[in-house]
Amino acid sequence: MILFSDTAKETKQPAMSTGAADPKAEKFELDNGTIRVTLTNYGAAITSLYVPDKHGNVADVVLGFDTIEAYVNDNAAYFGCIVGRVANRIKEGKFNLNGEEYTLPINNGPNSLHGGNKGFDKVVWSVVERKDGEKPSITFKYESHDGEEGYPGDVIVTATYILTSSKTMRLDMEAVPKNKITPINLAQHTYWNLAGHNSGNVLEHLVQISGSQITPVDENSIPTGELLPVKDTAFDFTSEKKVGSSIREVTGLGYDHNYVLDSGEKKEGLKHVAKVKDPSSSRVLNLWTDSPGVQFYTANYVNGVAGKDRAVYEKHSGLCLETQGFSKCH
């Protein structure tokens, strides 16, 4: 479902200061000696993430750009950013809430995608806290105003990235409405290539997803209202499987589908979403969430994008695992 927030948390959110200068887009770094991540407050995006392989060789395993200007001008693929107010697609850019119809910008075929023309990925967030030490962290905040991209009400959004251990990065996101009920569905949109961002496609990556059903979509990528079991289909990643082993059986250019997460292994209140392994480097990504779904996307529309370090990203050059709320209805 699209997650509709109420105003119950309003009093817990500190008041916004007034008269402060608008924040400027900058880059920041978190480093715990094993993981080094660079971020920008433009879109609250991960721009690089350096981790070692089985031999200790360090590589940047996320797709992105060298400069902030490139994120401002060229990020049609949503590299590394947080998308909202509503991640994924809203049919024909319209929804009804409390008897009123709202109309949103159309920016993806006949639909509104990832918050519209200027979603949370295309704004400068404020930096409200930074911590160094054993668990370095940074917290970004953005205030979205009533009517922004057609959505009702003012909303304060925070995102905290923290390196909680030598092998773990955590992201906590919260959106608190101030005065009106409004739809909220945030997602983090990093493209992963565990062999290195400039190493080619991810078709040899091994993926396991903790979802035995998907929400199938129509020709415009809108849910049909069904729940489809993945068993004996190209969508079955309940056991570890190469990304490329069945991708040609998928209608369209590749995977861009929401998986309904099963209630399996849990840790600290979070469900295990997926495991991704690059056989060449033995790097492994394990993803955990408290969201009900995850959009598995294989960079189907990335085509000749000039990325970091003179890399050129092509189709299937990375994969996204966008944990999210989801809609089952047409």
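The legends below describe close-up views of a predicted model.

**View 1. Confidence along the predicted chain.** The protein chain has an average pLDDT of 92 (the predictor's confidence in each residue, from 0 to 100), and 93% of the residues score at least 70. Over residues 1-19, pLDDT stays under 50, and for this stretch the model has 39 contacts (heavy atoms within 4.5 Å) beyond four places in sequence. Because the model is predicted, local features need pLDDT of at least 70 and side-chain atom pairs count only at pLDDT 80 or more, while totals for chains, interfaces and linings use all residues. Residues are numbered from 1 along each chain as its sequence is written, and side-chain values use heavy atoms, with hydrogens and water left out.

**View 2. The open sheet S2-S3-S4-S5.** This open sheet holds 4 strands (DSSP runs of E, at least two residues, numbered from the N terminus) in the order S2-S3-S4-S5, with antiparallel pairing (at least two DSSP bridges between two strands). Strand S2 (27-31) and strand S5 (58-60) stand at the edges with a single partner strand each, so one side of each has no neighbour in the sheet. From one strand to the next, the twist averages 15 degrees (axes are lines fitted to C-alpha atoms, with angles from 0 to 180 degrees between N-to-C directions).

**View 3. The pairing of S2 with S3.** Strand S3 (residues 36-40) runs antiparallel to S2 and is joined to it by 5 bridges; Glu 29 has Thr 38 in S3 as its bridge partner.

**View 4. The surroundings of Lys 135.** Lys 135 lies in the loop between strand S11 (126-131) and strand S12 (137-144), and its relative accessibility of 46% makes it partly exposed (between buried, under 20% relative accessible area, and exposed, over 50%, with a 1.4 Å probe and protein chains only). Apart from neighbours within four places in sequence, Lys 135 is in contact with Ile 162, Leu 163 and Thr 164.
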